[in-house]
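Trainee: Could you take me through the disulfide in this one, up close? I'd like to know which parts of the chain get tied together and what sort of fold surrounds them.

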Amino acid sequence: QVQLVESGGGLVQAGGSLRLACAASESTFGLKTMGWYRQAPGNERELVAALRSGGSTNYADSVKGRFTISRNYGKSTVYLQMNNLKPEDTAVYYCTADQLYTISPRAYWGQGTQVTVSS
């Protein structure tokens with residue numbers, strides 16, 4: 001059972017930046033997909049960004065050009081660099097990982113980290 005621990009959330013003003021990190025409890029070489037989802041109050045959880053072991057990525061339209069997902073295999077960590085943050089980015093951000101090339105019902109999930117963007 002892989003455990004994922006997020007860090008890096010916090011309060012930032014609009015236009016600012018944050019970098020989220022997600023550390024896995026063991027090697028992530030067997031995890032073909034790692035990504036970030038977010039959930040704002042009253043909303044469903046939505047995909048923010050995903051990165052596959054072959055290097056392909058996909059991003060939510062709302063974050064394209066502002067957010068970048070990356071991965072450090074040596075540190076078993078995936079990152080989400082968030083620039084030009086907007087109040088609508090406020091949400092709990094969850095790290096996820098799967099042994100498949102998609103996020104399936106058997107995916108692993110972190111506990112989440114709060115990101116709050118003030119206007």
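Mentor: Sure, and one term before we zoom in: a strand here is a DSSP run of E covering at least two residues, and strands are numbered from the N terminus. Keep in mind that we're looking at a predicted model. With that term in hand, the protein reads β-β-β-β-β-β-β-β-β-β-β along its sequence. That's 11 strands and 0 helices. The radius of gyration is 13 Å, close to the 14 Å the globule rule gives for 119 residues, so the protein is as compact as a globular protein of that length. Along the principal axes, the C-alpha atoms fill a box of roughly 40 × 25 × 25 Å.

Now for your part. The structure holds 1 disulfide, and its partners are C22 and C95, with an S to S distance of 2.0 Å. C22 belongs to strand β3 (residues 18-24), while C95 sits in strand β9 (residues 91-98), so to speak a link between distant parts of the chain, 73 residues apart. If you care about handedness, the torsion about the S-S bond of C22 and C95 is about -80°, which means the disulfide is left-handed.

Buried or exposed, these two cysteines? Both C22 and C95 are buried, and buried residues make up 43% of the 119 residues in the protein. The long reach of the pair can be set beside the contacts: among those between residues at least 6 apart in sequence, 55% join residues at least 24 apart.

How values were computed. Residues are numbered from 1 along each chain as its sequence is written. This is a predicted model: local features need pLDDT of at least 70, side-chain atom pairs count only at pLDDT 80 or more; totals for chains, interfaces and linings use all residues. Side-chain values use heavy atoms; hydrogens and water are left out. Helices (H or I, at least four residues) and strands (E, at least two) are DSSP runs, numbered from the N terminus. The radius of gyration is taken over C-alpha atoms; the globule rule is 2.2 Å times the number of residues to the power 0.38. Buried means under 20% relative accessible area, exposed over 50%, partly exposed in between (1.4 Å probe, protein chains only). Contact means heavy atoms within 4.5 Å. A disulfide is a pair of cysteine sulfur atoms within 2.5 Å.
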